[in-house]
Amino acid sequence: MTEQDIIYKLISWIDRNKYPYQCLRAFIYGWECDYWCMDKEGITREFEIKISRSDYFADAKKPKHSIQGANYFYYVCPEGLIKKDEVDPRYGLIYVKAENWADTTVVKNPKKLHGNKFDRWADLANKFHGKWWSLWMEKFKQQEISRDEYKNGFLVDFDAMVSD
């Protein structure tokens, strides 16, 4: 199972009604979040995906875990890769099974790391815009959309920004 497989399973598993703000591979707190979501009240969750034990043990030593980030933090891995008792008492653990996203299981619930609500809306808007811009440009480069569709999608002076 790859990191991308796990991300797709998280996207399918996380309730978009409960967590309407979701972002993949974004630098939100000064480090990259593999997957991040926020509820309507501003409570955030960060998901760190691990596909090897060595990667997990290296990540667990990083200083980012002592710095304030999301309200809740989870490790997400293939079933059985990380043992429940190996995870910091503050963090959650989620197992993903290869067969079916519905088999995704919270093995260990995280503790609330702090009560601060997310208030960096300009940063978040910038992250979403940057992701959207990159995806739109990639669609144009791969000829999945026409020059006119690309141009109309941005409603900007395309010719002034991009040369042929």
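Which residues do ring pairs link into a cluster? They are Tyr-56, Phe-57, Phe-73, Tyr-75 and Tyr-91. Rings of Phe, Tyr and Trp (its six-membered ring) pair if their centres lie within 6.5 Å; planes under 30 degrees apart count as stacked, over 60 as edge-to-face and the rest as tilted.

This is a predicted model, in which local features need pLDDT of at least 70, side-chain atom pairs count only at pLDDT 80 or more, and totals for chains, interfaces and linings use all residues. Residues are numbered from 1 along each chain as its sequence is written, and side-chain values use heavy atoms, with hydrogens and water left out.

**Overall layout**

The protein has five helices and six strands, in the order α-β-β-β-α-β-β-β-α-α-α along the sequence. Helices (H or I, at least four residues) and strands (E, at least two) are DSSP runs, numbered from the N terminus. Of the 164 residues, 38% are buried. Buried means under 20% relative accessible area, exposed over 50%, and partly exposed in between (1.4 Å probe, protein chains only).

**Aromatic rings**

The whole structure holds eight aromatic pairs. One of them joins Phe-73 and Tyr-75 edge-to-face, at 5.0 Å centre to centre with 85 degrees between the planes. Both Phe-73 and Tyr-75 are buried.

Leu-113 is in the loop between strand S6 (105-108) and helix H3 (121-141). Residues touched by Leu-113, beyond those up to four places away in sequence, include Phe-73 and Tyr-91; contact means heavy atoms within 4.5 Å. Leu-113 is partly exposed, with a relative accessible area of 34%. Its C-alpha is 7.5 Å from that of Ala-70, although Leu-113 and Ala-70 are 43 residues apart in sequence.

**Salt bridges**

Side chains of opposite charge can pair when their charged atoms come close. A salt bridge is a side-chain nitrogen of Lys or Arg within 4 Å of a carboxyl oxygen of Asp or Glu. By this rule there are seven salt bridges, including the three in the table.

| Salt bridge | Closest N to O distance |
|---|---|
| Glu-3 and Arg-25 | 3.4 Å |
| Lys-50 and Glu-48 | 3.0 Å |
| Arg-53 and Glu-86 | 2.7 Å |

Arg-53 lies in helix H2 (residues 53-60) and Glu-86 in the loop between strand S4 (72-78) and strand S5 (92-96), so this pair ties together parts 33 residues apart in sequence. Arg-53 is partly exposed at 33% relative accessible area, and Glu-86 is partly exposed at 26%. Salt bridges that share partners join Glu-48, Lys-50, Asp-55 and Asp-59 into one network. Within this network, Lys-50 is buried at 3% relative accessible area, and Glu-48 is buried at 5%.

**A buried Asp without a salt bridge**

Asp-34 lies in strand S2 (residues 32-38). Asp-34 is buried yet has no salt bridge, and the nearest side chain of opposite charge, Lys-50, is 5.2 Å away. For charge, Lys and Arg count as positive and Asp and Glu as negative, while His and the chain ends are not counted. A polar atom of the Asp-34 side chain lies 2.8 Å from the backbone nitrogen of Ile-49. Not counting residues up to four places away in sequence, Asp-34 touches several others, among them Glu-3, Arg-25 and Glu-48.

Key. Polar contact = N/O pair within 3.5 Å; in protein donor to acceptor, adjacent residues only side chain to side chain.
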